[in-house]
Amino acid sequence: MAHITQLPPHVADLIAAGEVVERPASVVKELMENAIDAHADTITVEIHHGGMTLIRVTDTGDGITAGELPTAFLRHATSKIRDEHDLEAIGTLGFRGEALAAIAAVSRIEIMSCPEGVAMGASLTLEGGDPGKLERVGCPKGTTIVVRDLFFNTPARLKFMKRDAAEGAAVLAVVQRIALSHPEIKVKFIRDGKQELLTPGDGKLQSAMYAVLGRNIALGFTKVVGSGEDVAVRGYCSIPACCRTTRATQFFYVNGRHVRSRIMTAALEEAYRNRKMVGKFPGCVLFLEVRLTAVDVNVHPAKTEVKFGNERRIFDAVYYAVMGALDGENSRPSVLSDAGAAPTAPAKEAGAFAPKEPPTPDSLVFSEPKGAERTEETRRPETLLERTARRTTLPIRDAVQPGKFEPGPGSPYAAAVHREETEAEKVGPASAIQEVTPEAARPAEAVRAPQQELPPLLPEDAEAAQPWRVVGEAFNTYILVEQGDTLLLIDKHAAHERMNFDRMKAEGYTPMVQQLLTPLVFTPPAEEGAALLEQQELLRRFGFEVEPFGDGALLVRQAPFDVDADDVEGVLCELGGKLAEGGRPDPDGARDALLHSMSCKAAIKGGQKNGEAELYRVAREVINGTVKYCPHGRPVATELTKAQLEKRFKRT
């Protein structure tokens, strides 16, 4: 039986440090939060080799007196709280008194500090938590802390560190989050001698967003203002057209503290339901102000999570504030009740929370506004036709039963069919609907093309399938196919995306590459850019030549021929987001993620005009069962039977 003994102090310090200091980004976070609590108006962060060899944080805060400097590095030494009652209403970013002690336990530290009005400052060095000699030095007002050789005495932790580029990107992400939280503070970030971030510190959130997120993203945000019972919400959220493929641009702050909150994330995304494309996520910089006693910030060692006393109230506050902002946009969809009532806004006025008993997420049904246009980019149909004709058609799989598109219970397609049938039952008298002949209803191109001149069925399914023909195209997005007593509606973009994906994957994808006439330079978010640089070899095998261009920018010299030059940035940004979210995926996973992005960008787009032959080629792949779902899982076709049409027109 093992005996119980008390751990030596240095071992206990190392264990405690492991809870607070996970990587260089953790050190920067703690030191910047201390600088903010010290009322600094300027903070400069400098790192070398991803922060593993050097981290320097300089601030213009209150400073630490010479007599208190050694005490600051003792465990549970803090100026933020005095007794247990202070824990009930914490208004500072730091309060536990563990940060400096934890950092000192696993590094070599030099600190210089001078309070305002003091002629001479003081300096102190520590190694592995052991303090050296305290000295008097001349230094400006504020504090400078230099952290060297992180984890020098814990080699087991070093093997879990990533490459310098990845660790540096994580540090930059922390600096960006803190810079957004306090736009009144001028924040500068220097990596390996190069300045990568500088905020003006003018107190305007828009200025900080412009510096941190970049011009293109910042201009796609709209203002959010809301207030309610003991809760206030302010900030910015992205307009639906500017949603992104990842949650990298979602920033939530509670009383000035950056947090990860499932409640706030759910409320934000619920406000965007049916306003954005599937697979896209809204961005935001939202500040939630609540009573200090209504939130517990002492539930996570790194203070990145909080617990609310009333989660429903928080959900309502964020939900209605964002809804009010989105309803102010001209492109907003209508909000209808299940009973089909007239459109109503969830809040009486922008910035005011709606009723005390808000509708649950499942009770809201959104309809797209009339005249809404698809925002997908257009592309010349001739180019896609030439590309499709150049490729070999994949072997045909087992054909589905003619006219049947019925996935298993609970699928999105089954739900869509159920909604369609429900709406058909609600249709009123059709006396106001004018009768039209089949010839008049058919698009002009279809009328001019006699049925006998249309492309024949594929040999493999000519005997098994019922005869079919393309009768037209709706909204330049959906192919209308008549087959027996069934009318099929095919999403041409989703179907062509699956065709591209299957072809590329089956061929192993040996790409034809194109040298860009003008090299493309773009600046992705820091973590996405680092993920792309880590997968340079994979990108090269798929035809992309990507290299760093300084200040977080990437330079692209060549790209696959399947991807238009205008789509290269979108493909790489989407892939970088997937790689950043998933960490370091296996090669097959990274390959599939790249194929998903490339097949989507190379597919024909909804809203563009395509030739008849290309529509037939897409429809044929769906009819014979080769294509059923797009790579993202969406169905590519739905059906409307003759019986359903007759029921809608009251012919039965």
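The legends below describe close-up views of a predicted model.

**View 1. An open sheet of 4 strands with antiparallel pairing.**
The strands of this sheet follow the order 19-20-21-25. Strand 19 (468-474) and strand 25 (637-641) stand at the edges with a single partner strand each, so one side of each is left without a neighbour in the sheet. On average, and with direction ignored, neighbouring strands here are turned by 25 degrees against each other. Within the sheet, strand 20 (residues 478-483) and strand 21 (residues 486-491) run antiparallel and are joined by 6 bridges, and L480 stands opposite L489 of strand 21.

**View 2. Helix 14 and helix 19 against the sheet of View 1.**
Helix 14, which covers residues 492-506, lies across strand 19, strand 20 and strand 21, and its direction is at about 65 degrees to strand 21. Helix 19, made of residues 612-623, also packs on this sheet, where it touches strand 19, strand 20, strand 21 and strand 25, and its direction makes about 120 degrees with that of strand 19.

**View 3. The contact between helix 14 and helix 19.**
The axes of the two helices come within 10 Å and cross at roughly 70 degrees. Angles of 65 to 115 degrees count as roughly perpendicular, which makes helix 14 roughly perpendicular to helix 19. On the side of helix 14 the contact is made by K492, A495, H496 and M499, while helix 19 brings L615, R617, V618, E621 and V622. Sorted by class, the residues of this contact are 5 nonpolar, 1 polar and 3 charged.

**View 4. An open sheet of 5 strands with mixed pairing.**
In this sheet the order of the strands is 10-11-14-12-13. The edges are taken by strand 10 (221-228) and strand 13 (257-259), each of which has a single partner strand, so one side of each is left without a neighbour in the sheet. From one strand to the next the twist averages 20 degrees. Strand 11 (residues 231-238) and strand 14 (residues 284-290) run antiparallel and are joined by 7 bridges, with G235 standing opposite L286 of strand 14.

**View 5. Helix 5 and helix 9 against the sheet of View 4.**
Helix 5, formed by residues 164-181, lies across strand 12 (250-254), strand 13 and strand 14, and runs at about 55 degrees to strand 12. Helix 9, formed by residues 311-327, packs on the sheet by touching strand 10, strand 11 and strand 14, and its direction makes about 45 degrees with that of strand 11.

**View 6. Aromatic rings of Y253 and F287.**
A search of the whole structure finds 4 aromatic pairs. In one of them, the ring centres of Y253 and F287 are 4.8 Å apart and the ring planes stand at 15 degrees, so the pair is stacked. This pair links distant parts of the chain, with Y253 in strand 12 and F287 in strand 14, 34 residues apart. Both Y253 and F287 are buried.

**View 7. An aromatic cluster of F315, Y319 and Y320.**
Between Y319 and Y320 the ring centres lie 5.0 Å apart and the planes are at 80 degrees, so this pair is edge-to-face. Y319 counts as buried because its relative accessibility is 2%, and Y320, with a relative accessibility of 2%, counts as buried too. Together with F315, these tyrosines form one aromatic cluster.

Key: Residues numbered from 1 in each chain as written. Predicted model: local features only at pLDDT ≥ 70, side-chain atom pairs only at ≥ 80, totals over all residues. Heavy atoms only, no water. Pairing = 2+ DSSP bridges. Axes fitted to C-alpha atoms, helices over the stretch in contact; angles between N-to-C directions. Contact = heavy atoms within 4.5 Å. Parallel < 35°, antiparallel > 145°, perpendicular 65-115°, else oblique. Nonpolar A, V, L, I, M, F, W, Y, C, P; charged D, E, K, R; others polar. Phe/Tyr/Trp six-rings, centres within 6.5 Å; stacked < 30°, edge-to-face > 60°. Buried < 20%, exposed > 50% of the residue type's maximum accessible area, 1.4 Å probe, protein only.
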